[in-house]
Amino acid sequence: MFRRMRQGWELTKKSWGVIREHPKLLRLPLVGGILSLIVLVVVGGPGIFLVASDSAETSDDLLVYLGYGLIALGSFLASCIVIYYNVILAAAADQALQGQEPDIAAARAIAGRRRGTIIGWAIVSAIVSVAFSIMRDKGGAIGNILGSIGAAAWGFVTFLVIPVIALEDIGPIDAVKRSGNLVKQRWGQQATGNVVIGGIATVVMFVGIVLGVLGGVLVVSGGVAATSGGVALLAVGIVIAVMAGLAAGATKGVFGVALYHFSAENRALGPFSETELSHAAG
C-alpha cells in the first residue's frame with residue numbers, strides 16, 4: 001500500500017509539474033468554476049427562492065414545481081459548463097504532454113465540436129447521480145451502502161471519460177464504455193494517482209477551512225483588532241481552499257490524459273515514464 005502511495009505521489013508531482021510549466025492550464029478550471037457558479041446563481045437562485053419562500057407555500061403548487069425546475073436547470077447548465085472546460089483542459093493538457101505549447105483556442109474548438117457529447121454526458125451523469133442519491137435516501141441502511149458503493153464504482157469507471165471525449169469522436173455512452181475498458185487495463189495508476197491527488201487536496205482544503213472558521217470566530221467575537229485579523233484569516237482560508245480545489249482539478253486533468261495515452265496506446269508522454277506507470281499498475 002505504501003509503495004503504491006509513493007508511486008501515486010510521484011505521478012501527482014509530475015502532473016503538477018506540467019501545470020507549473022504551463023500555468024494557463026490552471027486558469028481553465030477557474031474560469032469554468034466561476035461561470036458555472038454565475039449560471040447556478042442566476043438560474044437556480046430564483047428557484048431556491050420560490051421553493052423556500054412563504055409565498056410559494058401558500059400559493060399554487062405550480063410555483064414550487066417551477067422552483068424545482070429552475071434549480072434542476074441551473075444545476076444541469078452549471079454541470080455542462082464544468083464538463084466543457086474540463087474537456088478544454090484535457091485537450092490543452094494533451095498538447096502540453098506532446099511537447100507543444102498549449103493552444104487554448106484550438107482546445108476550445110475541440111470542446112466546441114464535442115458539445116453534443118458534452119451535453120449527453122452531463123445528462124447521463126445527472127441521471128446516474130440522481131439514481132444513486134435516491135437509493136441512498138430511500139433504501140435505508142442497505143440502500144445507503146449500495147448507493148455509496150455504486151457511486152464510488154461509477155466514479156472509478158468513468159475516470160477517463162473526459163480525456164476520451166476530448167481525444168476521441170464518440171458519443172457519451174460509448175465514452176463511458178471506453179473509459180471503463182481503459183481503466184480496467186490500468187486500474188493501479190487510476191487508484192493510486194487519484195487517491196493521492198484527492199488526499200492532498202483534501203488536506204490543503206481542510207487547512208483553508210480551519211483558517212476560515214477561526215477567522216469567522218474572531219469576526220463574531222468583536223473588537224477592531226479581532227475583526228481585522230478575522231477578516232484576513234477568513235480571506236486567506238477561502239483562497240487556500242479554492243486554490244486547492246483548482247489545483248486538484250487541473251492536476252487530475254493532466255494525470256487523466258497521461259493515463260489515457262498509456263492505457264490506449266501503451267506509451268508514456270511528457271514527464272511520465274513507461275516504467276513508473278507500469279510499476280504503478282502492477
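**Figure 1. Helices H2 and H4 run roughly antiparallel to each other.** In this predicted model, the axes of H2 and H4 come within 7 Å and cross at roughly 175 degrees. An angle over 145 degrees counts as roughly antiparallel, and therefore H2 and H4 are described that way. If you sort the residues of this contact by class, you will find 27 nonpolar, seven polar and no charged ones. Helix H2 spans residues 24–52, and helix H4 spans residues 61–97.

**Figure 2. Helix H4 meets helix H5 at an oblique angle.** Here the partner of H4 is helix H5, residues 104–113. The two axes come within 8 Å and cross at roughly 130 degrees, which means that H4 is oblique to H5. The crossing is right-handed. To find the contact in your viewer, look on the H4 side for Tyr 84, Tyr 85, Val 87, Ile 88, Ala 91, Ala 92 and Gln 95. On the H5 side, the contact is made by Ile 104, Ala 106, Ala 107, Arg 108, Ile 110, Ala 111 and Gly 112. By class, this contact of H4 with H5 has eleven nonpolar, two polar and one charged residues.

**Figure 3. The largest nonpolar core has 50 residues.** Which residues have the most contacts inside this core? They are Val 87, Leu 97 and Trp 121. The elements that give two or more residues to the core are helices H1 (2–21), H2 (24–52), H4, H5, H6 (115–138), H8 (161–167), H9 and H11 (224–265). H4 gives the most, with 13 residues. Val 87 is also part of the contact between H4 and H5. For Leu 97, leaving aside neighbours within four places in sequence, the contacts are Val 18, Val 254, Val 257, Ala 258, Leu 269, Gly 270, Pro 271 and Phe 272.

**Figure 4. Helices H7 and H9 cross roughly perpendicular to each other.** The axes of H7 (residues 140–157) and H9 (residues 172–185) come within 8 Å, with a crossing angle of roughly 85 degrees. Angles of 65 to 115 degrees count as roughly perpendicular, so H7 and H9 earn that description. From H7, Trp 154, Phe 156 and Val 157 meet Val 176, Ser 179, Gly 180 and Val 183 of H9. The contact comes to five nonpolar, two polar and no charged residues.

Zoom in on Val 157, which lies in H7. Is Val 157 buried or partly exposed? With a relative accessible area of 31%, Val 157 is partly exposed. Setting aside neighbours within four places in sequence, Val 157 is in contact with Val 176, Ser 179, Gly 180 and Val 183. The C-alpha atoms of Val 157 and Lys 184 are separated by 7.9 Å, and these two residues are 27 residues apart along the chain.

**Figure 5. Val 164 is a buried residue of helix H8.** The relative accessibility of Val 164 is 0%, so Val 164 counts as buried. Not counting residues up to four places away in sequence, Val 164 touches Ile 170, Ala 175, Arg 178, Ser 179, Leu 182 and Tyr 260. One of these partners, Arg 178, is 14 residues from Val 164 along the chain, and their C-alpha atoms are separated by 7.4 Å.

**Figure 6. Gly 230 is a buried glycine in helix H11.** At 0% relative accessibility, Gly 230 counts as buried. Beyond neighbours within four places in sequence, Gly 230 is in contact with Gly 215, Leu 218 and Val 219. Gly 230 and Leu 214 are 16 residues apart in sequence and 7.0 Å apart in space, C-alpha to C-alpha.

**Figure 7. Asn 266 has a positive phi although it is not a glycine.** Most residues other than glycine have a negative phi. For Asn 266, phi is about 55 degrees. You can find Asn 266 in the loop between H11 and helix H12 (274–281). Is Asn 266 buried or partly exposed? At 44% relative accessibility, Asn 266 counts as partly exposed.

**Figure 8. The protein chain has twelve helices and zero strands.** Step back from the close-ups for a moment. Of the 282 residues of the chain, 41% count as buried. Among contacts with a separation of 6 or more, 70% are between residues 24 or more positions apart.

Conventions:
Residues are numbered from 1 along each chain as its sequence is written. This is a predicted model: local features need pLDDT of at least 70, side-chain atom pairs count only at pLDDT 80 or more; totals for chains, interfaces and linings use all residues. Side-chain values use heavy atoms; hydrogens and water are left out. Axes are lines fitted to C-alpha atoms, for helices over the stretch in contact, and angles run from 0 to 180 degrees between N-to-C directions. Helices (H or I, at least four residues) and strands (E, at least two) are DSSP runs, numbered from the N terminus. Angles under 35 degrees count as roughly parallel, over 145 as roughly antiparallel, 65 to 115 as roughly perpendicular and the rest as oblique. A crossing is left-handed if the near helix is turned anticlockwise from the far one by less than a right angle, and right-handed if clockwise. Contact means heavy atoms within 4.5 Å. Ala, Val, Leu, Ile, Met, Phe, Trp, Tyr, Cys and Pro count as nonpolar, Asp, Glu, Lys and Arg as charged, and the others, Gly among them, as polar. A nonpolar core is a set of buried Ala, Val, Leu, Ile, Met, Phe, Trp, Tyr and Cys residues joined through side-chain atoms within 4.5 Å. Buried means under 20% relative accessible area, exposed over 50%, partly exposed in between (1.4 Å probe, protein chains only).
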